[in-house]
Amino acid sequence: MGATRKPRKRYVPKRVETDPVEAAIAQAGLLSPGQRQELGGPVQRAFERARQGTGGWPAWCELADGLNVAEQLALRGICSDRMPEIMAGQRALQSLHHRHEERNSWTLRAEEITALQTGVDFHLIQLKHCTQGELRDAIFAVQRRVSQALAGNASPSALVCVGALGKKRGAAAGSKETAA
């Protein structure tokens, strides 16, 4: 009489750092000017396209990603006193999304332009002062938060703008997700 055994878990090797001190130094370092431009440039260009009314869905997604990361960085203490301005930018994106759903219009109102400009400006300031590790953690937090919201686990009062960071790798680019 043989006893039933639990199936063994599949072995998944973890990433091994060849030089953990070097990895720790890299994570503690500030972003280089090139990295800041690579991360902040698309958000700035998306804002300009949205301000002109020519951005459409790709610009909305880029702004949503930038403001979601800005919110997470603020929760980690970088420009944390500016959380209301960052949230005002997210509310402006939510209003734009609802207006587009109702009237098929990507036109921003004056107060929305101001809120988005302020939110983008604070995000760029955050990029100057955050470390690579803080940014990585903020991006992972955005991905987790958006996936939880898409799974239906967000509170009814939560403001979650789903940009490209929240989409799975296999999802089609340019598909519309709801902002709630």
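# A tour of the helices, starting at helix 4

Start with helix 4: the cover over its buried residues includes helix 3 and helix 5. Helices here are DSSP runs (H or I, at least four residues), numbered from the N terminus, and strands are E runs of at least two. Buried means under 20% relative accessible area, exposed means over 50%, and partly exposed lies in between (1.4 Å probe, protein chains only).

What you are viewing is a predicted model, where local features need pLDDT of at least 70 and side-chain atom pairs count only at pLDDT 80 or more, while totals for chains, interfaces and linings use all residues. Residues are numbered from 1 along each chain as its sequence is written, and side-chain values use heavy atoms, with hydrogens and water left out.

**The whole chain**

Show the cartoon. The chain has 6 helices and 0 strands. Read from the N terminus, the elements run α-α-α-α-α-α. Of the 180 residues, 37% count as buried. A contact means heavy atoms within 4.5 Å. Take the contacts between residues at least 6 apart in sequence: 65% of them join residues at least 24 apart.

**Stop 1: helix 4**

Select residues 83-103. Helix 4 has 21 residues, which at 1.5 Å a residue should span 30 Å; its end C-alpha atoms are 30 Å apart, so the two agree. The expected span is 1.5 Å times one less than the number of residues.

Now colour the buried residues of helix 4. They are Met-83, Ile-86, Met-87, Gly-89, Gln-90, Ala-92, Leu-93, Leu-96, His-97, Arg-99 and His-100. As you scan that list, keep the helix repeat in mind: an α-helix has 3.6 residues a turn, so residues three or four places apart point the same way.

**Stop 2: the loops on either side of helix 4**

Go to Asn-104, just after helix 4. Asn-104 lies in the loop between helix 4 and helix 5. Its phi is near 60 degrees, a positive value in a residue other than glycine. Is Asn-104 buried or exposed? Asn-104 counts as exposed because its relative accessible area is 60%.

Now pick Cys-79, in the loop between helix 3 and helix 4. Cys-79 also has a phi near 60 degrees, positive in a residue other than glycine. At 18% relative accessibility, Cys-79 counts as buried.

**Stop 3: helix 3**

Select residues 56-75, then pick Ala-59 in this helix. Its relative accessible area is 0%, so Ala-59 is buried. Which residues does Ala-59 touch, not counting those up to four places away in sequence? Ala-46 and Arg-49. Measure a distance too: the C-alpha atoms of Ala-59 and Glu-48, 11 residues apart along the chain, are separated by 8.9 Å.

Move along helix 3 to Gln-72. With a relative accessible area of 8%, Gln-72 is buried. Show its side chain. It makes a polar contact with the side chain of Arg-76, at 3.1 Å. A polar contact is a pair of N or O atoms within 3.5 Å; within protein, one must be able to donate a hydrogen and the other to accept it, and residues adjacent in sequence count only if both atoms are side-chain atoms. Beyond four places in sequence, Gln-72 touches Ala-138, Ala-141, Val-142 and Arg-145.

**Stop 4: where helix 3 meets helix 6**

Add residues 132-150, which form helix 6. Helix 3 and helix 6 pack at an angle of about 115 degrees, with their axes 9 Å apart. Axes are lines fitted to C-alpha atoms, for helices over the stretch in contact, and angles run from 0 to 180 degrees between N-to-C directions.

Show the contact residues as sticks. Helix 3 supplies Asn-68, Val-69, Glu-71, Gln-72 and Leu-73. Helix 6 supplies Glu-134, Leu-135, Ala-138, Ile-139, Ala-141, Val-142, Arg-145 and Val-146. These residues divide into 8 nonpolar, 2 polar and 3 charged. Ala, Val, Leu, Ile, Met, Phe, Trp, Tyr, Cys and Pro count as nonpolar, Asp, Glu, Lys and Arg as charged, and the others, Gly among them, as polar.

**Stop 5: helix 6 and its ends**

Keep helix 6 selected. Its 19 residues reach 27 Å from first C-alpha to last, close to the 27 Å expected at 1.5 Å a residue. Its buried residues are Gly-133, Leu-135, Ala-138, Ala-141, Val-142 and Val-146. They pack against helix 1 (20-28), helix 2 (33-52), helix 3 and helix 5 (110-129).

Step back to Thr-131, in the loop between helix 5 and helix 6. Thr-131 counts as buried, at 16% relative accessibility. Leaving aside neighbours within four places in sequence, Thr-131 is in contact with Gln-27, Ala-28, Gly-29 and Leu-30.

Finish at Gly-152, which follows helix 6 and has a positive phi, near 90 degrees.
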